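Me: Could you take a close look at one part of this model for me? I'd like to hear about chain A, its overall build and where its partner touches it.

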Amino acid sequence: MTQPQIWLSILTSAMAFFLALGGWVFVYYNTNRVAKRAEVFSLVGKAVDKAVALDRRCADFWLSEKSTREQPETWIAGTSSELHSVRAIFELLEKYHGFEGKKTLLSEARQAATLDAESVTHLDIDQLYQRRGEQVEVLNKILNHLYDYYRIRHD
Amino acid sequence: MTIEEVDMKTFSATPYGRYSTDGPSNGETFRTKRLTPLLKNPEVEEVRVYLDSVRPGYEYGSSFLEESFGGLIRVEKISYDLIMKKLRIITSHEDYKLEIDGYLKKAAKRFPK
């Protein structure tokens with residue numbers, strides 16, 4: 001082999017090596033990105049389901065007939081449990097996927113759902129609908145916040 | 001001058017409700033028995049309230065938080081400035097701090113000194 005042929009052979013091998021390495025890096029990062037996006041999608045989906053369930057729970061309690069309404073004590077305990085699930089999902093999103101706004105959403109959701117739930121029987125219909133309006137507003141805020149977060153960070 | 005610590009578990013592992021009609025571990029009782037005496041005591045420089053020692057997974061209800069902390073201004077007539085100077089809420093959950101601060105600000109606005 002002549003010297004140019006040796007160089008050509010080395011260059012060709014090096015190019016093949018770097019092309020393969022580049023391809024591997026591209027596939028690795030792309031797969032990782034897709035996996036992360038799927039993980040976030042799943043967590044956001046679960047958070048949305050929980051938020052909607054929480055809102056439905058609020059509607060059932062705050063707007064139900066006095067005779068069929070669940071006892072405030074047990075309702076608050078169940079609602080707190082739902083809020084805890086939402087907290088757990090938000091914490092995972094915050095810890096691993098840069099989610100922001102957890103403290104505001106949680107405090108507003110808790111306040112809208114549970115503040116004065118113990119004295120629900122003393123509220124008149126206007127006050128009940130006002131509370132329900134606040135709860136719907138918080139649900140919308142949570143859904144919009146989650147959707148914006150997903151679209152901005154992972155689209 | 002002293003620093004006093006109030007650990008929630010010494011009051012209740014599951015605090016609940018606003019008034020005694022809601023249950024024994026209510027916000028009014030917590031405020032009157034635990035917080036107010038310390039905040040009104042001029043010898044106490046700082047009051048640290050530890051919220052996270054409740055039962056694992058337990059979430060506070062808003063009525064308890066409002067009555068315990070908002071009531072300091074609304075009922076006990078302690079000034080917002082004094083509360084800000086002396087009260088420290090210790091918790092890993094920033095949402096509780098935010099909510100309590102909101103109740104204090106709202107009460108200070110509605111009941112200015």
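Reply: Happy to. The radius of gyration used here is taken over C-alpha atoms, and the yardstick for a globule is 2.2 Å times the number of residues to the power 0.38. Keep in mind that this is a predicted model.

With that yardstick, a compact globule of 155 residues would come out near 15 Å, but chain A has a radius of gyration of 26 Å. The extents of the C-alpha trace fill in the picture: along its principal axes, chain A spans about 100 × 25 × 20 Å.

What is chain A built from? Its elements are four helices and zero strands, which run α-α-α-α from the N terminus on. Of the 155 residues in chain A, 26% count as buried. As for how the chain meets itself, take the contacts in chain A with a separation of 6 or more: 81% of them come from residues 24 or more positions apart.

Now to the partner. The contact between the two chains takes 16 residues from chain A and 13 residues from chain B. On the chain B side, the elements that give two or more residues are helix 3 (62-74) and helix 5 (94-110) of chain B. Helix 5 of chain B gives the most to that side, with four residues. By residue character, the side of chain B that touches chain A divides into seven charged, five polar and one nonpolar.

Terms used:
Residues numbered from 1 in each chain as written. Chains lettered and ligands numbered in written order. Predicted model: local features only at pLDDT ≥ 70, side-chain atom pairs only at ≥ 80, totals over all residues. Contact = placed C-beta atoms within 7 Å. Nonpolar A, V, L, I, M, F, W, Y, C, P; charged D, E, K, R; others polar. Buried ≥ 20, exposed ≤ 12 C-beta atoms within 10 Å, placed from the backbone.
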